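Student: I would like to go through this model with you. Let us take each label and ask what stands behind it.

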Amino acid sequence: MSPTMYEFRVDGRISEPALDEFGDLQVEEVPPGLILRGEVIDESHLHAIMVLFRTHGLRLQWAEPVDDRGSAAERPATPPPSARRATDG
């Protein structure tokens, strides 16, 4: 896996100091949670980010590579069918 820009939407909030654990990911507050964006360097990095969400009590709604559709803030809160849903079995 080569470095890829990702967006993650999570339910919940965390403190400013805890945000430091997410490194270079940009954070945007959107009710009822957060959108985090940034480069994911490989699959283990992707899994480490998801573990941080769980560690901080954040519920992952969806994660997807960023493409030419614009940022998540410009799209509806419901992810497109192509998005990998964290709740799908």
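Student: What makes up the accessible surface of the chain, and how is it obtained?
Tutor: The surface comes to about 5,400 Å². Carbon and sulfur atoms hold 51% of that. The areas come from the Shrake-Rupley method with a 1.4 Å probe; for residues, only the protein chains shown count as cover.

Tutor: A word on the source: this is a predicted model, where local features need pLDDT of at least 70, side-chain atom pairs need pLDDT 80 or more, and totals for chains, interfaces and linings use all residues. Residues are numbered from 1 along each chain as its sequence is written, and side-chain values use heavy atoms, without hydrogens and water.

Student: How many helices and strands are there, and in which pattern?
Tutor: The chain has 2 helices and 5 strands, in the pattern β-α-β-β-α-β-β. Helices (H or I, at least four residues) and strands (E, at least two) are DSSP runs, numbered from the N terminus.

Student: Why is the peptide bond between Pro 31 and Pro 32 called cis?
Tutor: Its omega is about 5 degrees. Most peptide bonds are trans. Pro 32 sits in the loop between β2 (26-30) and β3 (33-40).

Student: What makes a set of residues a nonpolar core?
Tutor: Its members are buried Ala, Val, Leu, Ile, Met, Phe, Trp, Tyr and Cys residues, joined through side-chain atoms within 4.5 Å. Buried means under 20% relative accessible area (1.4 Å probe, protein chains only). The largest core here has 18 residues; Phe 8, Val 10, Ile 14, Phe 22, Leu 36 and Phe 53 touch the most other members. Its largest share, 4 residues, comes from α2.

Key:
Buried means under 20% relative accessible area, exposed over 50%, partly exposed in between (1.4 Å probe, protein chains only).
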